[in-house]
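User: Take me through the pockets here, please, and what lines them. Then add a word on the aromatic side chains.

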Amino acid sequence: EINQAVAYANVVAGDTLHVEGSPLVYADAIITKQLIIIGPGYFLTENPKVSNNTYDAKIGRVTFDSGSELSQVIGMNILDDGNINDGTVYVNVNDVTIKRCRIERDVQFATQLVDVYVLQNFFANTYNTNALQYNGNINFIPPQNIIFNNNICQKKLIWSGSWGSGAIMECNNNIFDGPSNELNLEFNTGSFQNNILKAAGITANINSGTNNNVQYNTVSNNGVFSGTTGNLWVPNMATLFVTTGTTDGIYQLQPGVANNAVGSDGAERGAFGGVVVTNRYNLSGLGAIPVVYDVTTTGVSEPGTGLLVSVKARTNN
């Protein structure tokens, strides 16, 4: 279990934990050291060349507590394991990165945090929740410097509550495919660029409706972000995205079609876009490590050479 590794004396701040894929669900983890936790990704039965087996690393909850500042969680499948508090990453400390994970419910913040990075994740529509939540503290003060980039979000992102409205420092290169014909996005931000609002009839309220800092977005609903720089209305999103693919692969854009317009940086819009390759969404949430996706052998030892084994591997950005 992850908690056993965290408690192990030889696991020290700055270490990396590689979490093996399993048909079982890992026990909820509480992180109290500065660690990088890397799972094998998700949708491994769908996308090619992702794993030698198809087991992901499933867990109900990951909680970052005191001592885990500067930690990261990558490539985990965070799902409901039978508890309403599952499917969530709980962030109670500063400088935490949630990256390339599948998240069924949300990321929940403690009060008065600084520097939280939510990058290249797949927020599933399994539950009708907001992608970001607060911890229920009546005196809650929202985090400063939230970065929400290159995510595929099948949920709403309405970052407000009884405590008021929150700010997201950057919200760029995401694909929002939340409930149709609803207000899906409401928050203040210093940068809302290169996003694609895919759900039919989706509406948004950015920076209290002023649309300040809103640029180069592609929208399915006429009138959303009207008049902003680089705004593109695509009434039929089927003409923009690939026609077949996997659960996350269908969010790739068709190259060369008329509505595949570049963003503010000259690169593709959406989760798979952006100038910096390592910042783009990665199919199945694979970490930036070598992946062995096939191992074969005849099972017969050859004289003078031993057992012949063929290994196929690739690296990820």
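Analyst: For the class counts, Ala, Val, Leu, Ile, Met, Phe, Trp, Tyr, Cys and Pro go in as nonpolar, Asp, Glu, Lys and Arg as charged, and the others, Gly among them, as polar. Keep in mind that this is a predicted model, where local features need pLDDT of at least 70 and side-chain atom pairs pLDDT 80 or more, while totals for chains, interfaces and linings use all residues. Numbering runs from 1 along each chain, and side-chain values use heavy atoms, with hydrogens and water left out.

The largest pocket (an open set of points on a 1 Å grid that fit a 1.4 Å probe, with protein on both sides within 12 Å along at least five of seven lines) comes out at about 350 Å³. It has 18 lining residues (an atom within 4 Å of a point), and V19, E20, G39, P40 and S51 come closest to its centre. Its lining splits into 10 nonpolar, 7 polar and 1 charged residues.

The second largest pocket holds about 240 Å³. Again 18 residues line it, with N149, N150, N173, G274 and N279 closest to the centre. Here the lining has 3 nonpolar, 12 polar and 3 charged residues.

On the aromatic side, the whole structure has 16 pairs (ring centres within 6.5 Å). One of them, F272 with Y281, is edge-to-face (planes over 60 degrees apart), at 5.2 Å centre to centre and 70° between the planes. Both partners are buried (under 20% relative accessible area, 1.4 Å probe): F272 at 14% and Y281 at 5%. F123, F148, F176, F187, F192 and F225 make up one aromatic cluster.

How values were computed:
Points joined across faces, edges and corners; volume = space filled by probe spheres on them. Phe/Tyr/Trp six-rings, centres within 6.5 Å; stacked < 30°, edge-to-face > 60°. Buried < 20%, exposed > 50% of the residue type's maximum accessible area, 1.4 Å probe, protein only.
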